[in-house]
Amino acid sequence: MERAPMAPAAAASGGSGATPGRAPVRRLPRPRLTGLGGGLFACAAMFLVGGIVWLLFDASLFVYGLLFLPVAAATALWVRPADLITAPITAPIAFAAGVWPVSGGSGGFAGEVMGLVSALSLHAGWLYAGTLVAALIVIVRKAVLIGRRRMPRRVA
């Protein structure tokens, strides 16, 4: 009976892929989103967060802003390397897309727009913080990618 071919790392280590005495490490899933996919993910996630905050936390913009930070970070981590620049661009768009349920506007269309504008202006600190988080993650990822490209040249 023939054995299935092993991955190069498993073949080099002797077969099982795990070192003796150590449990195999499970890696988290690493989705790769396109620029558009990252923007859609961030907007949908923030709209969902806005709805949850409206239902559970009485439309607290503090909680909404606090939950915006991990969504911005996840978008920056999950976007493809070719589309890294889109993560800091989509973060403020996603913040604005999801703030409507918690903006507190009332009194028709004009009241809703005024509530949205007020929420965006009064809580711009969260908007800037999430955008900064996304930008820093993108800068670090880009530096690592550049370093990996230059590493074989130094060795050779």
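Which residues of helix 2 are buried? The close-ups below start with that helix and then move on to its neighbours. Please keep in mind that this is a predicted model.

**View 1. Helix 2 has a buried side and an exposed side.** The buried residues here are Gly35, Gly38, Gly39, Ala42, Ala45, Met46, Val49, Gly50 and Val53. They lie on the same side of helix 2, because they cover an arc of only 145° around the axis. Now look at the other side of the helix: Leu36, Leu40, Leu48, Trp54 and Leu55 are exposed there. And what lies over the buried residues? The cover includes helix 3, residues 61-78, and helix 4, residues 86-98.

**View 2. The length of helix 2 can be checked with simple arithmetic.** Helix 2 runs through residues 35-56, which makes 22 residues. At 1.5 Å a residue, helix 2 should span 32 Å. The C-alpha atoms at its two ends are 31 Å apart, which agrees with that expectation. You can try the same check on helix 3, which has 18 residues. From its first C-alpha to its last, helix 3 reaches 26 Å, close to the 26 Å expected.

**View 3. Helix 2 packs against helix 4.** The axes of these two helices are 8 Å apart, and the angle between them is about 30°. Angles under 35 degrees count as roughly parallel, so helix 2 and helix 4 are roughly parallel to each other. The crossing of helix 2 and helix 4 is right-handed. On the helix 2 side, the contact is made by Gly35, Gly39, Ala42, Cys43, Met46, Phe47 and Gly50. Their partners in helix 4 are Thr86, Thr90, Ile93, Ala94, Phe95, Ala97 and Gly98.

**View 4. Two residues with positive phi sit in the loop between helix 2 and helix 3.** Asp58 follows helix 2 and belongs to this loop. Its phi is positive, about 55°, although Asp58 is not a glycine. Ala59 is found in the loop too, and its phi is near 60°, again a positive value in a residue other than glycine. How exposed are Asp58 and Ala59? Asp58 counts as exposed, at 71% relative accessibility, whereas Ala59 is partly exposed, with a relative accessible area of 24%.

**View 5. Helix 3 crosses helix 4.** The axes of helix 3 and helix 4 come within 10 Å and cross at roughly 145°. This crossing is right-handed. From helix 3, the residues that meet helix 4 are Tyr64, Gly65, Phe68, Ala72, Thr75 and Ala76. Facing them in helix 4 are Ala87, Thr90, Ala91, Ala94, Phe95 and Gly98. The buried residues of helix 3 include Leu61, Val63, Val71, Ala73 and Ala74.

**View 6. Thr75 of helix 3 is a good residue to zoom in on.** Is Thr75 buried or exposed? Thr75 is buried, with a relative accessible area of 3%. Leaving aside residues up to four places away in sequence, Thr75 touches Gly38, Phe41, Ala42, Ala87 and Thr90. Gly38 and Ala42 are also among the buried residues of helix 2. Thr75 and Gly37 are 38 residues apart along the chain, yet their C-alpha atoms are separated by 9.4 Å.

Key
Residues numbered from 1 in each chain as written. Predicted model: local features only at pLDDT ≥ 70, side-chain atom pairs only at ≥ 80, totals over all residues. Heavy atoms only, no water. Helix = DSSP H or I, 4+ residues; strand = E, 2+ residues; numbered from the N terminus. Expected span 1.5 Å × (residues − 1). Buried < 20%, exposed > 50% of the residue type's maximum accessible area, 1.4 Å probe, protein only. Arc of directions from axis to C-beta. Contact = heavy atoms within 4.5 Å. Axes fitted to C-alpha atoms, helices over the stretch in contact; angles between N-to-C directions. Parallel < 35°, antiparallel > 145°, perpendicular 65-115°, else oblique. Left-handed = near helix turned anticlockwise from the far one by under 90°.
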